[in-house]
Amino acid sequence: MSNNAVAQEPDATHINNYVPNAKLVGKGMFSYYLWDVYTGALYAPEGEYTNQPPFALRLTYQRDLKGKKIAQRSIDEMKKQGDLSAGDSDKWLSLMNSIFPDVTEGDVITGIATKDGTSVFYVNGEKADEIEDKAFTQRFFDIWLSDKTSEPTFRKKLLGKG
């Protein structure tokens, strides 16, 4: 599924369709133990993140990962944020399994939280899907942006404070 030529281009058009006057808030490398996993970049109106949609998070992968592993790790991180019903967990895992492909180095997944609370996902510049569920949108982006994140150093980089 890799299309690194497209992946190298910013998703400016897609992001600006949902995030007016989108500008970079912050960016950083997420590493797990000694392995660089992805570079993250957060975009918000005028580059000011207010903990409210709209905003976009662009992840550029630095290594090969299975889509099912990305989806499972996302659910695990959502559960760390607080109680998550089995019904929501199963439903959201299924949705993410259908959205997130296996990635290779250079692939880009961009998640956008729209002003109405929908999550829109692009994979290498191609629209993958939308999830019209405000609770999902909040919990998904809280993986990186909540003060309860399991990766506070990476969060600070995304917020332009690290």
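Two residues are taken to be in contact when heavy atoms of theirs lie within 4.5 Å. In this predicted model, that criterion can be applied first to helix H4, where the buried residues pack against helix H3 (67-80), strand E5 (119-123), strand E6 (126-131) and helix H5 (134-145). The residues of H4 that are buried are Ser89, Trp92, Leu93, Met96 and Ile99. They cover an arc of only 125° around the axis, which puts them on the same side of H4. On the other side of this helix, Ala86, Asp90 and Ser98 are exposed. The length of H4 can also be checked against expectation: at 1.5 Å a residue, the 14 residues of the helix (residues 86-99) should span 20 Å, and the end C-alpha atoms are indeed 20 Å apart, which agrees.

The nonpolar interior can be described next. The largest nonpolar core holds 36 residues, of which Met78, Phe100, Phe140, Trp144 and Leu145 touch the most other members. The largest share of this core, six residues, comes from H5. When residues up to four places away in sequence are not counted, Phe140 touches Ser74, Met78, Met96, Phe100 and Phe121; Met96 is also one of the buried residues of H4. A second core, separate from the largest one and made of nine residues, includes Ala22, Tyr43, Ile112 and Tyr122.

Charged side chains were examined as well. Side chains of opposite charge can pair when their charged atoms come close. The structure holds six salt bridges. One of these joins the side chains of Glu46 and Lys23, with an N to O distance of 3.7 Å. Glu46 lies in the loop between E2 and E3, whereas Lys23 belongs to strand E1 (residues 22-32), so the pair ties together parts that are 23 residues apart in sequence. Both partners fall between the buried and exposed classes: Glu46 is partly exposed, with a relative accessible area of 44%, and Lys23 is partly exposed, with a relative accessible area of 41%.

Another salt bridge is formed by Asp102 and Lys66, whose closest N and O atoms are 3.8 Å apart. Asp102 is found in the loop between H4 and E4 and Lys66 in the loop between E3 and H3, so this pair ties together parts that are 36 residues apart in sequence. Asp102 counts as partly exposed at 42% relative accessibility, while Lys66, at 54%, counts as exposed because the limit for that class is over 50%.

Helix H4 takes part in a salt bridge through Lys91, which pairs with Asp133, the closest N and O atoms being 3.7 Å apart. The pair links distant parts of the chain, since Lys91 is in helix H4 and Asp133 is in the loop between E6 and H5, 42 residues apart. Lys91 is partly exposed, at 43% relative accessibility, but Asp133 counts as buried because its relative accessibility of 18% is under 20%. In addition, Arg73, Glu77 and Lys80 are linked in a network of salt bridges.

Several loop residues were also considered individually. Thr118 lies in the loop between strand E4 (108-113) and E5, and this residue is buried, with a relative accessible area of 7%. The side chain of Thr118 makes a polar contact of 3.3 Å with the side chain of Asp116. Leaving aside neighbours within four places in sequence, Thr118 is in contact with Ile112, Ala113, Glu130, Ile131, Glu132 and Thr137; of these, Ile112 is also included in the second nonpolar core.

Asp107 has its place in the loop between H4 and E4 and is buried, with a relative accessible area of 2%. The side chain of Asp107 reaches the backbone nitrogen of Thr104 at 2.8 Å. Asp107 and Met78 are 29 residues apart along the chain, and their C-alpha atoms are separated by 23 Å.

Asn51, by contrast, is partly exposed, at 42% relative accessibility, and lies in the loop between strand E2 (35-45) and strand E3 (55-61). The side chains of Asn51 and Tyr49 are joined by a polar contact of 3.0 Å. Asn51 and Asp11 are 40 residues apart in sequence and 21 Å apart in space, C-alpha to C-alpha.

Key
Residues are numbered from 1 along each chain as its sequence is written. This is a predicted model: local features need pLDDT of at least 70, side-chain atom pairs count only at pLDDT 80 or more; totals for chains, interfaces and linings use all residues. Side-chain values use heavy atoms; hydrogens and water are left out. Helices (H or I, at least four residues) and strands (E, at least two) are DSSP runs, numbered from the N terminus. The expected span of a helix is 1.5 Å times one less than its number of residues. Buried means under 20% relative accessible area, exposed over 50%, partly exposed in between (1.4 Å probe, protein chains only). The arc is that of the directions from the helix axis to the C-beta atoms. A polar contact is a pair of N or O atoms within 3.5 Å; within protein, one must be able to donate a hydrogen and the other to accept it, and residues adjacent in sequence count only if both atoms are side-chain atoms. A salt bridge is a side-chain nitrogen of Lys or Arg within 4 Å of a carboxyl oxygen of Asp or Glu. A nonpolar core is a set of buried Ala, Val, Leu, Ile, Met, Phe, Trp, Tyr and Cys residues joined through side-chain atoms within 4.5 Å.
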